[in-house]
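Got the model open in your viewer? Take this tour one selection at a time, and keep the secondary structure display switched on.

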Amino acid sequence: MTGAAPASFTADDYEARMERAARQAADAGLAGLLVAPGPDLVWLTGYTPTAVTERLTLLVLAAGRDPVLVVPTLEAPDAERALGAGALTLRDWTDGKDPYAVTAALLDADGRFGISDNAWAMHLLGLQKALPGTSYASLTEALPMLRAVKDAAELELLAAAGAAADAAFEEIRQVAFAGRRETDVAADLAALLRRFGHSQVDFTIVASGPNGANPHHEIGDRVIERGDMVVLDFGGLKDGYGSDTSRTVHVGEPTDEERRVHDLVREAQEAGFRAVRPGAACQEVDRAARAVIADAGYGEYFIHRTGHGIGVTTHEPPYMIEGEEQPLVPGMCFSVEPGVYLPGRFGVRIEDIVTVAEDGGRRLNNTEREMVVVD
């Protein structure tokens, strides 16, 4: 995660997030939360360290206590400028001092804490050594829905990121595909995302012909040919919030089978979208999309979950997968992206970001889902 916090958020927004997170931690039976540099810290405080190094930076949250950010002295001036800094107490430490002793003084000696998934092992082990009676759970395990429900400002940013990705697709469908390498088209996509406001491009999958049967194909030097199906999956961050969309195009006219499979995936994607409503379990979205593909005899070729959450990262909880009983709540945002992958032949995936509204779902991607033919 790079870049400044979005200007649409205020110090009050960050204070409210920290208070809510501390309450949720207490409700989950935790003594508090320990948040390392990364998406959770940005979301809670608006602070992104210039560089993440071996020096400990850690936000300590606990219900009924003021938030404290433990930070290296040399980085304290930057931390003080974060939008959420006004709701924090900064506790800085200098080189040569023990940051774990500084942090331990803020913690219950026998408490159980939620800790960022991306916290360094050396920091967790340092805390355990300083406080042997403590125990820890990853934030994804302890509070999986911490960032899942977006407020109005977050929804606006996600909608803008989705619109920018849509604009990139409308442009890329006009370029020549045949005779060019996958890497060439991927570079075009990355440039278009940046042109339409993305500060960070996370992925530009261009999977042509048989490569389309690999959902996470790494782009290569394969030359795209007439007659190829091409899976395009691309996204990144715009103003700190994610985009992620997939469309499958065909170079020249498709065969009847290719069109049939594409139509099937489109129908499955529509079924998944229609299943979105407040109170429905996440797994119901997966079941609805998967049933369409399975009933058509292609179930074994749909080899991944139907969707994942999105926000300040392009992948986060909740997940649209069998066994996930978390109910959908207005403000949640996630992908709906079924696919069919025929080994050695071709693949098809269609993906939109969807948000839960009071009366169902609302798409944040609105480009054509019918078969698009390109040159």
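**Stop 1: Tyr319**

Select Tyr319 to begin: its relative accessibility is 25%, and because partly exposed covers the range between 20% and 50%, Tyr319 counts as partly exposed. Bear in mind as you look around that this is a predicted model. Tyr319 sits in strand E11. Now show what touches Tyr319 beyond its neighbours within four places in sequence: you should find Cys282, Arg305, Gly307, His308 and Glu324. Draw a distance from Tyr319 to Arg305; they are 14 residues apart along the chain, with 7.7 Å between their C-alpha atoms.

**Stop 2: the largest pocket**

Stay with E11, which gives the largest pocket three residues, the largest share of its lining. How much space lies in that pocket? About 290 Å³. Its lining has 17 residues, and to find the centre, select Asp40, Asp117, Thr140, Arg147 and Pro317, the closest ones. Colour helix H2 (39-45), helix H6 (139-142) and strand E11 (316-320) next, since each of these supplies at least two lining residues. Colouring the lining by class gives nine nonpolar, four polar and four charged residues.

**Stop 3: the six-stranded sheet**

Move on to the open sheet of six strands, ordered E4-E3-E2-E1-E5-E6 with mixed pairing. Strand E4 (89-93) and strand E6 (135-138) are its edges, each pairing on one side only. From one strand to the next, the twist averages 25 degrees. Zoom in on strand E3 (residues 68-72), which runs parallel to E4 over five bridges; Leu69 is there, opposite Leu90 in E4.

Then bring in the helices. Helix H1 (residues 11-27) packs on this sheet and touches strand E1 (32-35) and strand E2 (58-61), at about 65 degrees to E2. Helix H5 (residues 121-130) lies across E1, E2, strand E5 (112-115) and E6, and its angle to E6 is about 155 degrees.

**Stop 4: the four-stranded sheet**

Last, select E7, E8, E9 and E17, listed here in their order in another open sheet with mixed pairing. Strand E7 (200-208) and strand E17 (372-374) each have a single partner strand, so one side of each has no neighbour in the sheet. Neighbouring strands here are turned by 30 degrees on average, direction ignored. E7 pairs with strand E8 (residues 229-238) in the antiparallel sense, over eight bridges; pick Gln200 and you'll find its bridge partner in E8, Leu237. Finish on helix H7 (residues 152-172), which lies across E8, strand E9 (241-251) and E17 and runs at about 25 degrees to E9.

Note on methods. Residues are numbered from 1 along each chain as its sequence is written. This is a predicted model: local features need pLDDT of at least 70, side-chain atom pairs count only at pLDDT 80 or more; totals for chains, interfaces and linings use all residues. Side-chain values use heavy atoms; hydrogens and water are left out. On a 1 Å grid over the protein atoms alone, a cavity is a set of points where a 1.4 Å probe fits but cannot get out, and a pocket is an open set with protein on both sides within 12 Å along at least five of seven lines; lining residues have an atom within 4 Å of a point. Grid points are joined across faces, edges and corners, and a volume is the space filled by probe spheres set on the points. Ala, Val, Leu, Ile, Met, Phe, Trp, Tyr, Cys and Pro count as nonpolar, Asp, Glu, Lys and Arg as charged, and the others, Gly among them, as polar. Two strands pair if DSSP finds at least two bridges between them. Axes are lines fitted to C-alpha atoms, for helices over the stretch in contact, and angles run from 0 to 180 degrees between N-to-C directions. Contact means heavy atoms within 4.5 Å. Buried means under 20% relative accessible area, exposed over 50%, partly exposed in between (1.4 Å probe, protein chains only).
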